[in-house]
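Please work through the following exercises with the sequence and the three-dimensional structure side by side, and try each task before reading its solution.

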Amino acid sequence: LPEYAFIGRSNVGKSSLINMLTGRKSLAKTSGKPGKTQLINHFLINKNWFLVDLPGYGYAKVSKSAKKTFQKFITQYFSLREQLVSAFVLVDIRHDPQPIDLEFMQWLGENNIPFSIVFTKADKLKPKAIENHIEDYKTILLETWEDMPNYFITSSSKDIGKDAVLSYIDELNGNLNLG
Ligand code: GDP
């Protein structure tokens, strides 16, 4: 079955987003503490695709060896990735573009792994501020990318963006069936 991988810095709101997308409240554990999602979890959705919950990257407070372990998991997943259709890179809409996220997107690009950006916690900013942050992202990303990657604006606490992400995945799944 096709897989879609969700990844981002710790505390970006990944567990909350996964819970919103799956409509199950306590599937992915949410917590303010970094390092909670330590292994790769697969969630079967609609019996036709897997949502893959990858460990977060960019912990400030874990040891170098723990970071290496996470990195190894992530690179191993992406190097096997037989069923992977696309990744979703989560970034907190409140933050300016962060080197670690940009580097990770760069790495995906170099490895020919398609991805979309999911801006999280959109409820925390006014629409104008959201627009400005996205413009900042565009400016930086267009320095290395020909086009702005596909992106979504979401809020798990206000239930925003769920349908957009799910229809996009359905559309990609539909394309697979044609091919
Ligand atoms: P993870 O570490 O990436 O899995 O992040 P979590 O889903 O555990 O969320 C980290 C923190 O951000 C928690 O305190 C959540 O309640 C909060 N959070 C997550 N998503 C949202 C959102 O859409 N809006 C707001 N306001 N807070 C959020």
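The exercises below go from the sheet to the ligand and then to single residues.

The model is predicted, so local features need pLDDT of at least 70 and side-chain atom pairs count only at pLDDT 80 or more, whereas totals for chains, interfaces and linings use all residues. Residues are numbered from 1 along each chain as its sequence is written, and side-chain values use heavy atoms, with hydrogens and water left out.

**Exercise 1. Work out the strand order of the open sheet, and state which strands stand at its edges.**

Solution. Begin with the strands themselves, which are DSSP runs (E, at least two residues) numbered from the N terminus, and take two of them as paired if DSSP finds at least two bridges between them. The open sheet has 6 strands in the order 2-3-1-4-5-6, and its pairing is mixed. Strand 2 (41–45) and strand 6 (151–153) are at the edges with a single partner strand each, so one side of each has no neighbour in the sheet. From one strand to the next, the twist averages 25°, where axes are lines fitted to C-alpha atoms and angles run from 0 to 180 degrees between N-to-C directions.

**Exercise 2. Describe how strand 1 is joined to strand 3 and strand 4, and decide whether its residues are buried or exposed.**

Solution. Strands of a sheet pair through backbone hydrogen bonds, either parallel or antiparallel. Strand 1 (residues 3–8) runs parallel to strand 4 (residues 84–92), with 6 bridges between them, and Gly8 has Leu90 as its bridge partner there. Strand 1 also runs parallel to strand 3, through 4 bridges, and Glu3 stands opposite Phe50 in strand 3. For burial, apply the cut-offs of relative accessible area: buried is under 20%, exposed over 50%, and partly exposed in between (1.4 Å probe, protein chains only). Because 6 of the 6 residues of strand 1 are buried, the strand is largely enclosed by the rest of the structure. Both faces are covered, with Glu3, Ala5 and Ile7 on one side and Tyr4, Phe6 and Gly8 on the other.

**Exercise 3. Characterise the surroundings of the ligand and list polar contacts to it.**

Solution. A residue is near the ligand if one of its heavy atoms lies within 4 Å of it. There are 14 residues around the ligand, of which Lys14, Ser15, Ser16, Asp123 and Ser156 come nearest. This shell divides into 1 nonpolar, 9 polar and 4 charged residues. Next, look for polar contacts, meaning pairs of N or O atoms within 3.5 Å. An oxygen atom of the ligand lies 3.0 Å from a backbone N or O atom of Gly13, an oxygen atom of the ligand lies 3.0 Å from a polar side-chain atom of Lys121, and a nitrogen atom of the ligand is 3.0 Å from an N or O atom in the side chain of Ser157. On its own the ligand has 570 Å² of accessible area, of which the protein covers 77%.

**Exercise 4. Locate Lys47 and Asp159, and state what the sign of phi is in each.**

Solution. Most residues other than glycine have a negative phi. Lys47 nevertheless has a positive phi near 55°, and lies in the loop between strand 2 and strand 3 (49–53). Asp159, also not a glycine, has a positive phi of about 60°, and is found in the loop between strand 6 and helix 5 (162–178). Finally, consider accessibility: Lys47 counts as exposed at 75% relative accessibility, and Asp159 is exposed with a relative accessible area of 52%.

Conventions
A polar contact is a pair of N or O atoms within 3.5 Å; within protein, one must be able to donate a hydrogen and the other to accept it, and residues adjacent in sequence count only if both atoms are side-chain atoms. Accessible areas come from the Shrake-Rupley method with a 1.4 Å probe; for residues, only the protein chains shown count as cover. Ala, Val, Leu, Ile, Met, Phe, Trp, Tyr, Cys and Pro count as nonpolar, Asp, Glu, Lys and Arg as charged, and the others, Gly among them, as polar.
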